Amino acid sequence: MISYTPFWETLKEKKISQYQLIHYWNISSNTLRRMKKNEAISTTTLNELCLILDCPVDRVLSFEISAEEKRAVLEKRKQ
């Protein structure tokens, strides 16, 4: 599962607000909503966020696969 927990931590560290992202950097409020729910965002948006925050991608997202997810992927590939 992709998690955007590092993003929220990085925002705090850089003292950048969601308001600034929306109104100054033109990041969609829908994008932030999706990130709060750990939903997919585009790689273009990911690139923009890394540029805005001046950070590598691992400061925006992390990836961990649960045993259930791994099992589901393996079962699907068998079909």
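## Glu39 and its arginine partners

Glu39 is partly exposed, and its relative accessible area comes out at 28%. Keep in mind that this is a predicted model, so every value here is computed from its atoms.

Glu39 pairs up with Arg33 in a salt bridge, where the closest N and O atoms sit 3.7 Å apart. That counts as a salt bridge because the cut-off is 4 Å between the side-chain nitrogen and the carboxyl oxygen. Glu39 also has a salt bridge to Arg34, with an N to O distance of 3.3 Å. Through these shared partners, Arg33, Arg34 and Glu39 end up in one network.

How accessible are the two arginines? Arg33 is partly exposed at 34% relative accessibility. Arg34 is partly exposed as well, with a relative accessible area of 27%.

## The Glu13 to Arg59 bridge

The structure has 3 salt bridges in total. Besides the pairs at Glu39, there's one where the side chains of Glu13 and Arg59 meet, at 2.3 Å from N to O. This pair ties together distant parts of the chain, with the two positions 46 residues apart in numbering. Glu13 belongs to helix H1, which covers residues 5-14. Arg59 sits in the loop that runs between helix H4 (43-53) and strand E2 (62-63).

Are the two ends of this bridge exposed or partly exposed? Glu13 has 56% relative accessibility and counts as exposed, because anything over 50% falls in that class. Arg59, at 28% relative accessibility, counts as partly exposed.

## Around Gln18

Now over to Gln18, which lies in helix H2, a stretch covering residues 18-23. Its relative accessible area is 30%, so Gln18 is partly exposed.

Which residues does Gln18 touch, once those up to four places away in sequence are left out? The contacts are Trp8, Leu11, Leu32 and Lys36. As for C-alpha spacing, the atoms of Gln18 and Ser29 are separated by 8.3 Å, and the two residues are 11 residues apart along the chain.

Note on methods:
Residues numbered from 1 in each chain as written. Predicted model: local features only at pLDDT ≥ 70, side-chain atom pairs only at ≥ 80, totals over all residues. Heavy atoms only, no water. Helix = DSSP H or I, 4+ residues; strand = E, 2+ residues; numbered from the N terminus. Buried < 20%, exposed > 50% of the residue type's maximum accessible area, 1.4 Å probe, protein only. Contact = heavy atoms within 4.5 Å.
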